[in-house]
Amino acid sequence: MQFRPFNPPVRTLMGPGPSDVHPRILEAMSRPTIGHLDPAFIQMMEEVKTLLQYAFQTKNELTMPVSAPGSAGMETCFANLVEPGDQVIVCQNGVFGGRMKENVERCGGTAIMVEDAWGEAVDPNKLEAALKANPDATIVAFVHAETSTGAQSDAESLVKLAHQHDCLTIVDTVTSLGGTPVKVDEWQIDAIYSGTQKCLSCTPGLSPVSFSERALEKIRNRKQKVQSWFMDLNLVMGYWGGGTKRAYHHTAPINALYGLHEALLMLQEEGLENAWARHRKNHLALRAGLEAMGLTFIVNEADRLPQLNAVSIPQGVDDATVRGRLLNEYNLEIGAGLGALAGKVWRIGLMGHASRAENILLCVGALEAVLSDMGADINQGVALAAMQKALD
Ligand SMILES: Cc1ncc(COP(=O)(O)O)c(C=O)c1O
């Protein structure tokens, strides 16, 4: 068989991530590779840490990208904070809370589950009841932005409750960072992780994390070594920590970090508040178009994520056929439902560089064309005008 260089098709990425990567970021990643202990690279690493502190709104010294995707940021938090025998309250309202449970159990802890319906925010009252019923719990973990459903939880209130019961907090912001407010210091989050491939518009494969002094104290006082060598923060910080004495831990993904540096620079240039406002404005325009067509959102208006729009698939419409046609005829990717919502919803992402008026126009127009052609029961000829009105 004759192999050739791989040239991917040019798609518009409006699924649950990865999202469209800005050309500036792709260009940054093609710059010459230098050594991972080169002084010029170390200078850039310091800038990445400072820019990440801005993105997370924190002064936490231990703020850095883990050299692997969001799942590795998740594991870094659990592996370092959970010790065998620890009781951890995990709030689950979608797929990713289930992965937190797995992590707790693989670290030798016991997961106490607080369940909410998929598509709903985590209920603070249920968390409070669990905290009262389990006074030995030491950690509370939850997903701020559930990518599987498009629901956003009130991180500030959940963290406050956890602290009232002397628990540390682990918060998943893979889908929220850069798209909706994430305020680590103001909300007093102890351990947080995110991903680069969503609202930061960067390529997949890095996971920004940040740890408070309270979290570091628990890590310093561990009775046992962290079971993962790669994720043991005591070792990682020998490379990512400040100062001149940096030691080899692993070979950093040099060019991927150029990309993250550029992405964070772009976020700083735009300004966090402006990025949040852009995501919200574009969500309202997409929503106007989809609702005019007759599609309905599965999440209550108050808890909806602007960057992840989950809508019910109209009766009698085959999910995979529609997504396949959008991809093949319009080069447009939207997301399928996950887990319990598979076949029932589409997840339309408006994340980072993908959150643009032209993308909404493409998505609403293409969806209407395909659904009409398939004879679906939708309102025809009104969606684009409704969308345009919302944008104006
Ligand atoms: C909420 C949430 N947590 C964790 C992850 C895992 O991130 P990754 O796929 O980059 O490993 C994702 C990925 O979509 C996510 O949406």
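**Entry 1: helices α2 and α10**

I began with the crossing of α2 and α10, which is left-handed. I note at the outset that the model is a predicted one. I then looked up the geometry of this pair: helix α2 covers residues 39-56 and helix α10 residues 254-270, and the two pack at an angle of about 40° with their axes 9 Å apart. That angle makes α2 oblique to α10, because it falls neither under 35 degrees nor within 65 to 115.

I listed the residues that meet across this pair. From α2 they are Phe41, Met44, Glu47, Val48, Leu51, Leu52, Tyr54 and Ala55. On the α10 side I found Ile254, Leu257, Tyr258, Leu260, His261, Leu264, Leu265, Leu267 and Gln268. I sorted the residues of this contact by character and obtained 14 nonpolar, 2 polar and 1 charged.

**Entry 2: helices α11 and α14**

I turned to a second helix pair. Helix α11 (residues 272-293) packs with helix α14 (residues 383-391) at an angle of about 155°, and their axes are 7 Å apart. Angles over 145 count as roughly antiparallel, so α11 is roughly antiparallel to α14. I recorded the crossing of α11 and α14 as right-handed.

For the contact itself, I noted Lys281, Asn282, Leu284, Ala285, Ala288, Gly289, Ala292 and Met293 on α11. Their counterparts on α14 are Ala383, Ala386, Met387, Ala390 and Leu391. I found that the residues of the contact of α11 with α14 divide into 10 nonpolar, 2 polar and 1 charged.

**Entry 3: strand β5 and its neighbours**

I next examined strand β5, residues 139-143. I found it mostly covered, with 5 of its 5 residues buried. I checked the side-chain directions: Ile139, Ala141 and Val143 point one way from β5, while Val140 and Phe142 point the other way, and all are buried.

I then asked which strands pair with β5. Strand β3 (residues 87-92) pairs with β5 in the parallel sense over 3 bridges. Strand β8 (residues 168-172) also pairs with β5 in the parallel sense, over 5 bridges. I used Ala141 as a reference point for both pairings: Val90 stands opposite Ala141, and Ala141 stands opposite Ile170 in β8.

As a reminder to myself, strands of a sheet pair through backbone hydrogen bonds, either parallel or antiparallel.

**Entry 4: the sheet β1-β12-β13-β11**

I traced an open sheet of 4 strands in the order β1-β12-β13-β11, and I noted that its pairing is mixed. The edge strands are β1 (12-14) and β11 (308-312), each of which pairs on one side only. I recorded a twist that averages 30° from one strand to the next.

I looked more closely at the β11 edge. Strand β13 (residues 345-349) is joined to β11 by 5 bridges, and the two run antiparallel. Within this pairing, I found Val311 opposite Trp346 in β13, and I identified Val345 in β13 as the bridge partner of Ser312. Although β11 is an edge strand, I found it mostly covered, with 4 of its 5 residues buried.

I also looked for a helix against this sheet. Helix α12 (residues 319-330) lies across β12 (332-336) and β13, and runs at about 160° to β12.

**Entry 5: backbone details in the loops**

I checked the loops for particular backbone values. The peptide bond from Gly17 to Pro18 is cis, with omega near 5°. I located Pro18 in the loop between β1 and α1 (23-29).

I noted that Asp166, a residue other than glycine, has a positive phi, near 60°. I placed Asp166 in the loop between α6 (155-164) and β8. Is Asp166 buried or exposed? With a relative accessible area of 70%, Asp166 is exposed, because the cut-off is over 50%.

I found a positive phi of about 60° at Ser201 as well, although Ser201 is not a glycine. Ser201 belongs to the loop between β9 (191-193) and β10 (207-211). I asked whether Ser201 is buried or exposed. Its relative accessibility is 8%, and Ser201 therefore counts as buried, the limit being under 20%. I closed the entry with the contrast: Asp166 is exposed, whereas Ser201 is buried.

Notes. Residues numbered from 1 in each chain as written. Predicted model: local features only at pLDDT ≥ 70, side-chain atom pairs only at ≥ 80, totals over all residues. Heavy atoms only, no water. Axes fitted to C-alpha atoms, helices over the stretch in contact; angles between N-to-C directions. Left-handed = near helix turned anticlockwise from the far one by under 90°. Contact = heavy atoms within 4.5 Å. Nonpolar A, V, L, I, M, F, W, Y, C, P; charged D, E, K, R; others polar. Buried < 20%, exposed > 50% of the residue type's maximum accessible area, 1.4 Å probe, protein only. Pairing = 2+ DSSP bridges.
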